Amino acid sequence: MGAGEYSYYAPLELIAQQPLERRGASRLLHLPAKGNFKDRRFSELPRLLAAGDLLVVNDTAVVPARLFGAKQGGGRVEMLLERMLDDNRAVAQLRANRPPRKGQALVFEGGARALVAGRRGAFFVLEFDCGLRAHLMRHGHIPLPPYIRRPDAPGDRAAYQTVFARRSGAVAAPTAGLHFDTDLLADLQRQGVEVAPITLHVGAGTFKPVSAEQISRRELHSEFMQVSEEVCASVEGCRRRGGRVCAVGTTVMRALETAAQDGELRPFEGETRLFIMPGFRFRVADLLLTNFHLPDSSLLMLVCTYSGRERVLEAYRHAVRERYRLFSYGDAMFLERGAGAA
């Protein structure tokens, strides 16, 4: 098995470069467990859910995690935060013509200075002379994905953030949540659908192609997550009343399944390296709401494992034919667990 088995043709003109003016105006491709695909609007989601169902969402908030600057002695540099170690130290990606050396000083927008303290694999450890979180909130740029071929704009600070965002720490949005607005949430809750939040701080590794080493080790990049006792109780209550658990996004699926690896969903706080790939046994979610994902990505492999590779790839080909908008600012899919799930 290789990542190349999860490829499809994604035309550049279908990759959404801007968010829609209204969140709920996106399209929704429905994949029943059996039968034909159904082209819907996201505003029809209440028809696909019922009283007693549970939506599990990701409450992570995107940090303005990109800074531009220069190396002491000359040469431009671009920083993309991977994670904060404390208020003054961070692990980050650096892009420059030549990688900065240990001990070299960097100067960023707003006057922040950082010292290169060392390396962690492909990442750099940086020590700043200021509170980094506050500096990023004032001077940082929203880290739009690499397939959005434009600089970030002021409107992205709100558009690339879900209505569930509460806990700062992600460098990429959990994009399935971008389709919800407060009116749709109110409609769902009046209908009797409950909502429960987990946290998974999405890292920059989410955009990288899957490597042969990751497949052989069955492990992905590490991301911080938390599933609380309250979420576990909400899932148990949903099961007792005969409802269905809907994971809003692959990040939620990864978090729930990490917390259920011993066979039962339990509270969990820490790092996950879980790689959901063929042969994985799903334990929690009955439904998955997700965006369209990059070819050969771990996220597409997760979706194919959940609903069957051939069926999902055929749905992607259908979406391309029907001109669905792709990726972070694009349209969505609603999947029922299929024969591909163990």
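These legends describe close-up views of a predicted model.

**View 1. The nine-stranded sheet.**
An open sheet of 9 strands is shown, with mixed pairing. Its strand order is β2-β1-β17-β16-β14-β3-β12-β13-β15. The edge strands are β2 (38-41) and β15 (268-274). Each of these two pairs on one side only. From one strand to the next, the twist averages 25°.

**View 2. Pairing of β1 with β17.**
Strand β1 spans residues 27-31. Its pairing with β17 is parallel and runs over 4 bridges. One bridge joins leucine 29 to methionine 333 in β17. In the sheet order, β1 stands between β2 and β17.

**View 3. Helix α9 across the sheet.**
Helix α9 covers residues 309-321. It lies across four strands of the sheet: β1, β2, β16 and β17. Relative to β1, α9 runs at about 150°. In the sheet order these strands follow one another as β2-β1-β17-β16.

**View 4. Packing of α8 on α9.**
Helix α8 (residues 298-307) packs against α9 (residues 309-321) at an angle of about 120°. The two axes are 7 Å apart. The angle is over 115 degrees but not over 145, so α8 is oblique to α9. From α8, the contact residues are Leu300, Val303, Cys304 and Ser307. They meet Arg309, Arg311, Val312, Leu313 and Tyr316 of α9. By class, this contact has 6 nonpolar, 1 polar and 2 charged residues.

**View 5. Aspartate 296, ahead of α8.**
Aspartate 296 sits in the loop between β16 (287-291) and α8. Its phi is positive, at about 60°, although the residue is not a glycine. The relative accessible area of aspartate 296 is 22%. Buried means under 20%, so aspartate 296 counts as partly exposed.

**View 6. Arginine 323, after α9.**
Arginine 323 is placed in the loop between α9 and β17 (332-336). Here too the residue is not a glycine, yet phi is positive, near 65°. Arginine 323 has a relative accessible area of 45%. Exposed means over 50%, so arginine 323 is also classed as partly exposed.

Technical notes. Residues numbered from 1 in each chain as written. Predicted model: local features only at pLDDT ≥ 70, side-chain atom pairs only at ≥ 80, totals over all residues. Heavy atoms only, no water. Axes fitted to C-alpha atoms, helices over the stretch in contact; angles between N-to-C directions. Parallel < 35°, antiparallel > 145°, perpendicular 65-115°, else oblique. Contact = heavy atoms within 4.5 Å. Nonpolar A, V, L, I, M, F, W, Y, C, P; charged D, E, K, R; others polar. Buried < 20%, exposed > 50% of the residue type's maximum accessible area, 1.4 Å probe, protein only. Pairing = 2+ DSSP bridges.
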